[in-house]
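Here are my comments on the model you sent, set out as numbered points. Please read them with the coordinates open beside the text.

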Amino acid sequence: MKDFATVRCKQCNTPLQVPVGGKRLCACGSWVAAAAVPPAPTMDITACRASSDTVRVGVSWSHLPSTGGQIFINTAPLESKYDVVWNQKGKQGSRSEDIFIDGDIVDIVTVNLYNAKDPNNITFEQRVIGDGNNVEEILPC
Ligand SMILES: [Zn+2]
């Protein structure tokens, strides 16, 4: 189903229903266009404890031009840190990793999506699970 936007004709000021991303001919003879609205980027992460030694982290995204990602797990107390890095080009995708954590408490799970093509080379979207309060906050899978 097509979405419509109400756009006023620049020539005669008549409001017209125009398909989003398309255009329509006004009665006065001029074309009236409705700009396409880019879809909102989304990124979701989940984390659960698959076993006493394993954390399962999942990430999915859409409309985000990423070239790779990284998962960090901070344990409590902060003695060890685990991370996984991957390359994956695409505006949408998903990734699931089982990360060995050696029985530690999972304090913070951080997932970054990078875009290596960005001029600054540091742009990413980030999601975090946990509060850094030294308490495990993820549930069994
Ligand atoms: Zn018009």
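1. In this predicted model, M43 counts as partly exposed because it has 19 C-beta neighbours inside 10 Å, and a residue is called buried only if 20 or more other C-beta atoms lie within that distance. The assignment therefore rests on a count set against a cut-off, and I would ask that the number 19 be quoted together with the label.

2. M43 belongs to strand 5, which covers residues 42-51. Leaving out residues up to four places away in sequence, M43 touches W61, L64, L113, E125 and R127. For one of these, W61, the C-alpha atom is separated from that of M43 by 4.3 Å, although the two residues are 18 residues apart along the chain.

3. Strand 5 and strand 6 form a hairpin with 2 residues between them, and these antiparallel strands are joined by 9 bridges. Within this pairing A47 stands opposite V57 of strand 6. On the pairing of strand 6 with strand 9 (residues 93-100), which is also antiparallel and extends over 8 bridges, the bridge partner of V57 is E97.

4. Which side chains of strand 6 are buried, and which are not? Along this strand, residues 54-62, V55, V57, V59 and W61 point to one face and are buried, whereas T54, R56, G58, S60 and S62 point to the other face and are not buried. In a regular strand the side chains alternate between the two faces of the sheet.

5. The largest nonpolar core has 14 residues, and V57 and V109 are those with the most contacts inside it. Strand 5, strand 6, strand 7 and strand 10 (105-114) are the elements that give two or more residues to this core, with strand 10 supplying the largest share, 6 residues. If neighbours within four places in sequence are left aside, V109 is in contact with A47, V57, I73, V128, I129, G130 and I138, so that A47 and V57, which stand opposite each other across strands 5 and 6, both appear in the list of V109 contacts, taken at the 7 Å C-beta cut-off.

6. Finally, 4 strands form an open sheet in the order 8-7-10-11 with antiparallel pairing. Its edge strands are strand 8 (81-90) and strand 11 (124-129), each of which pairs on one side only, and neighbouring strands of the sheet are turned by 15° against each other on average, direction ignored. Strand 7 (residues 66-76) is joined to strand 8 by 8 bridges, and I71 stands opposite V84 in strand 8.

Methods: Residues numbered from 1 in each chain as written. Predicted model: local features only at pLDDT ≥ 70, side-chain atom pairs only at ≥ 80, totals over all residues. Pairing = 2+ DSSP bridges. Axes fitted to C-alpha atoms, helices over the stretch in contact; angles between N-to-C directions. Buried ≥ 20, exposed ≤ 12 C-beta atoms within 10 Å, placed from the backbone. Contact = placed C-beta atoms within 7 Å. Core = buried A, V, L, I, M, F, W, Y, C linked by C-beta atoms within 7 Å.
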